[in-house]
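These are my notebook entries on a structure that I had not examined before. I begin with confidence and then turn to the core, the salt bridges and the strands.

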Amino acid sequence: NAADTVVRMVAADRVFDVDAGHAVWRNLTISGGNGGANGGGLNLPNFTSAELDNVVVSDNTANNGGAIFSLGALTLNLLHPLHIGTKRLQQFVILV
């Protein structure tokens, strides 16, 4: 259950920054990140990829992709609900 495991940043930085390779997140909540320019919750620059399964991404902020900023491959497993919300005016931005 995503509510059982919460990774919360205290708005000092983004929550996760993938520098290289492939990352997988399952059954957790990612919240409270402040990515500055890109990706408050998750930042996925070039040549990275990620999978999210049963993940809640909420209350993150950034100029681009408050929840998720992705220039790589991003797989969202929608067999389980994906909840994305940010503190920005737009609900979420995913740049792929």
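**Entry 1: confidence**

I first noted that pLDDT is the predictor's confidence in each residue, on a scale from 0 to 100, and that contact means heavy atoms within 4.5 Å. The model is predicted, and I therefore kept its limits in view: local features need pLDDT of at least 70, side-chain atom pairs count only at pLDDT 80 or more, and totals for chains, interfaces and linings use all residues. Residues are numbered from 1 along each chain as its sequence is written, and side-chain values use heavy atoms, with hydrogens and water left out.

For the protein chain I found an average pLDDT of 76, with 74% of the residues scoring at least 70. I then looked up the elements, where helices (H or I, at least four residues) and strands (E, at least two) are DSSP runs numbered from the N terminus. Strand 2 (residues 16–17) has the highest mean pLDDT, 90, and strand 8 (residues 83–86) the lowest, 51. Over residues 86–96 the pLDDT stays under 50, and the model has 28 contacts beyond four places in sequence for them. Where pLDDT is low, the predicted coordinates should not be read in detail.

**Entry 2: the core**

I next searched for nonpolar cores, each a set of buried Ala, Val, Leu, Ile, Met, Phe, Trp, Tyr and Cys residues joined through side-chain atoms within 4.5 Å. Here buried means under 20% relative accessible area, exposed over 50%, and partly exposed in between (1.4 Å probe, protein chains only). The largest core holds 15 residues, and Trp25, Leu52 and Ile68 have the most contacts inside it. Strand 3 (21–31), strand 4 (42–44) and strand 5 (48–60) are the elements that give this core two or more residues.

I also listed the contacts of Trp25, leaving aside neighbours within four places in sequence; among them are Phe16, Leu42, Leu52 and Val55. In strand 5, 10 of the 13 residues are buried, so this strand is largely enclosed by the rest of the structure.

**Entry 3: salt bridges**

How many salt bridges does a search of the whole structure find? I recorded 3, a salt bridge being a side-chain nitrogen of Lys or Arg within 4 Å of a carboxyl oxygen of Asp or Glu.

Asp17 pairs with Arg14, their closest N and O atoms lying 3.2 Å apart. Asp17 is partly exposed, at 38% relative accessible area, whereas Arg14 is buried, at 15%.

Arg26 meets Glu51 at 3.6 Å, N to O. This pair links distant parts of the chain, since Arg26 is in strand 3 and Glu51 in strand 5, 25 residues apart. Arg26 counts as partly exposed at 47% relative accessibility, and Glu51 likewise counts as partly exposed at 28%.

Arg26 also meets Asp53, at 3.7 Å, N to O. Asp53 lies in strand 5 and Arg26 in strand 3, so the pair ties together parts 27 residues apart in sequence. Asp53 counts as buried, at 14%. I noted that salt bridges link Arg26, Glu51 and Asp53 in a network.

**Entry 4: strand pairing**

Two strands pair if DSSP finds at least two bridges between them. I found an open sheet of 3 strands in the order 2-4-6, with parallel pairing. Strand 2 and strand 6 (68–70) are its edge strands, each pairing on one side only. Strand 2 and strand 4 are joined by 2 bridges, and Asn43 in strand 4 is the bridge partner of Asp17.

Strand 3 and strand 5 run parallel and are joined by 10 bridges. Gly21 stands opposite Thr48 in strand 5.
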